[in-house]
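User: I am new to reading protein models and would like a close look at a single part of this one, with enough of the surroundings to make sense of it. Please go slowly and explain how each point is reached.

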Amino acid sequence: MAHIIVVGNEKGGAGKSTVSMHVATALARMGHKISALDLDLRQRTFGRYIENRKGFLASEGLDLPSPDCHDLPDIDKSSLRPGENVYDHRLSAAIAALEPDSDFILIDCPGSHTRLSQVAHSLADTLITPLNDSFVDFDLLARIDVGGEKILGPSVYSEMVWNARQLRAQAGLQPLDWVVVRNRLGAQNMVNKAKMEKAIDMLARRIGFRVAPGFSERVIFRELFPRGLTLLDLKDIGVKQLNISNVAARQELRDLVKALKLPGVTVDF
């Protein structure tokens, strides 16, 4: 069976689509068959990223390892029983169709609370939650005191993940491996950075997730999107020497993929 990776966070701007694209492409370049689903049916940033990649590679005559993006199949609503949700069936049908021929299915969720996102979280073997280094973003995971030093209780997103874990347990599935990825770590505001690190470590022990390093804020990520490229593709398109920022970003990706501890994955880039 395919290992299902879900990238989720109900807050927009956390870097979900950038993480999704780079992790999916890294796995494809390591020889794994990757199927992708973008559950943000309106914005489709992840889906557009893959479409951009397909178009650019075709125009340049290049053949680089890539994830395959798929749309959710349509479901005849008349076939549903009373109380059944059409989105549940669309996502389940997509997973069932992709599993036989995929090593990994990577699902990028919207930056909001939707039925599709709820269902996807309950299907996740690995859940990746990108989180900006800010207490504004942290508030989605937990409520904290005014000093930023005491956890008062879990917040809405953590409660949704808890519900997903309960559904998996009831279905007899393996426990969900939740990885919170710290994005946009900066050299400035060192006091805030230290407080965030302490708060995340406390919360990790309390509600059960692992912490992994993510991406720093870099212009290169915005520049790569129109061509659908990732940091791993630069040399293939003629960039003979990476600058210091690109080398550092590539190492960040390597550290992230390694920290995910995905089954059958040996990081070799």
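The part I would like to understand is strand E2 (residues 34-38): what covers its two faces, and with which strands does E2 pair?

Analyst: The answer below starts with the whole chain, turns to the strand, and then follows the chain outwards from there. Please keep in mind throughout that this is a predicted model.

The protein chain has nine helices and nine strands, and its C-alpha trace spans about 55 × 55 × 35 Å along the principal axes. A compact globule of 269 residues would have a radius of gyration near 18 Å, and because the protein chain has 19 Å, the two values agree. Buried residues account for 49% of the 269 residues, and the accessible surface comes to about 13,200 Å², with 50% of that area belonging to carbon and sulfur atoms. If we take the contacts between residues at least 6 apart in sequence, 74% of them join residues at least 24 apart.

Against this background, strand E2 is mostly covered, since five of its five residues are buried. A strand has two faces to consider, and in E2 both are covered: Ile34, Ala36 and Asp38 lie on one side, Ser35 and Leu37 lie on the other, and each of these residues is buried.

The pairing of E2 involves two other strands. With strand E4 (residues 104-108), E2 pairs in the parallel sense over five bridges, and the bridge partner of Ile34 in that strand is Phe104. With strand E3 (residues 68-70), E2 also pairs in the parallel sense, here over three bridges, and Leu37 stands opposite His70. Strand E2 is thus bridged both to E4 and to E3.

It helps to look next at the chain on either side of the strand. The loop between helix H1 (16-29) and E2 holds His32, which counts as buried because its relative accessibility is 18%, and buried means under 20%. Leaving out residues up to four places away in sequence, His32 touches Leu27, Asp103, Phe104, Gly264 and Val265. Phe104 therefore appears twice in this picture, as a residue touched by His32 and as the bridge partner of Ile34, with bridges being what the pairing of strands is judged by. On the other side, the loop between E2 and helix H2 (45-60) holds Arg44, whose phi is near 55 degrees, a positive value in a residue other than glycine. Lys261 also has a phi near 55 degrees, but its place is in the segment after helix H9 (244-260), and Lys261 counts as exposed because its relative accessibility is 62%.

From the partner strand E4 we can move one step further, to helix H4 (residues 115-123), in which Leu116, Ser117, Val119, Ala120, His121 and Ser122 are buried. The cover over these buried residues includes E4 itself, together with strand E1 (3-7), helix H3 (86-98), strand E5 (126-132) and helix H6 (156-170). In this way E4 both pairs with E2 and helps to cover H4.

For comparison, a pairing in the other sense is found elsewhere in the chain. Strand E6 (residues 142-144) and strand E7 (residues 151-154) pair in the antiparallel sense over three bridges, and Ile144 has Ile151 as its bridge partner in E7. These two strands form a hairpin with six residues between them, and Gly148 in the turn has a positive phi of about 70 degrees.

The turn residue Gly148 also leads us to a helix, as its C-alpha atom is separated by 7.9 Å from that of Met196, although the two residues are 48 apart along the chain. Met196 lies in helix H7 (residues 190-207) and counts as buried because its relative accessibility is 0%. Not counting residues up to four places away in sequence, the residues that Met196 touches include Leu131, Asn132 and Arg182.

Arg182 is also in contact with Gly214, a residue in the loop between strand E9 (210-213) and helix H8 (219-224). With a relative accessible area of 10%, Gly214 is buried, and its C-alpha atom is separated by 6.1 Å from that of Leu256, which is 42 residues away along the chain.

To return to your request, E2 is covered on both faces, and its parallel partners are E4 and E3.

Key
Residues are numbered from 1 along each chain as its sequence is written. This is a predicted model: local features need pLDDT of at least 70, side-chain atom pairs count only at pLDDT 80 or more; totals for chains, interfaces and linings use all residues. Side-chain values use heavy atoms; hydrogens and water are left out. Helices (H or I, at least four residues) and strands (E, at least two) are DSSP runs, numbered from the N terminus. The radius of gyration is taken over C-alpha atoms; the globule rule is 2.2 Å times the number of residues to the power 0.38. Buried means under 20% relative accessible area, exposed over 50%, partly exposed in between (1.4 Å probe, protein chains only). Contact means heavy atoms within 4.5 Å. Accessible areas come from the Shrake-Rupley method with a 1.4 Å probe; for residues, only the protein chains shown count as cover.
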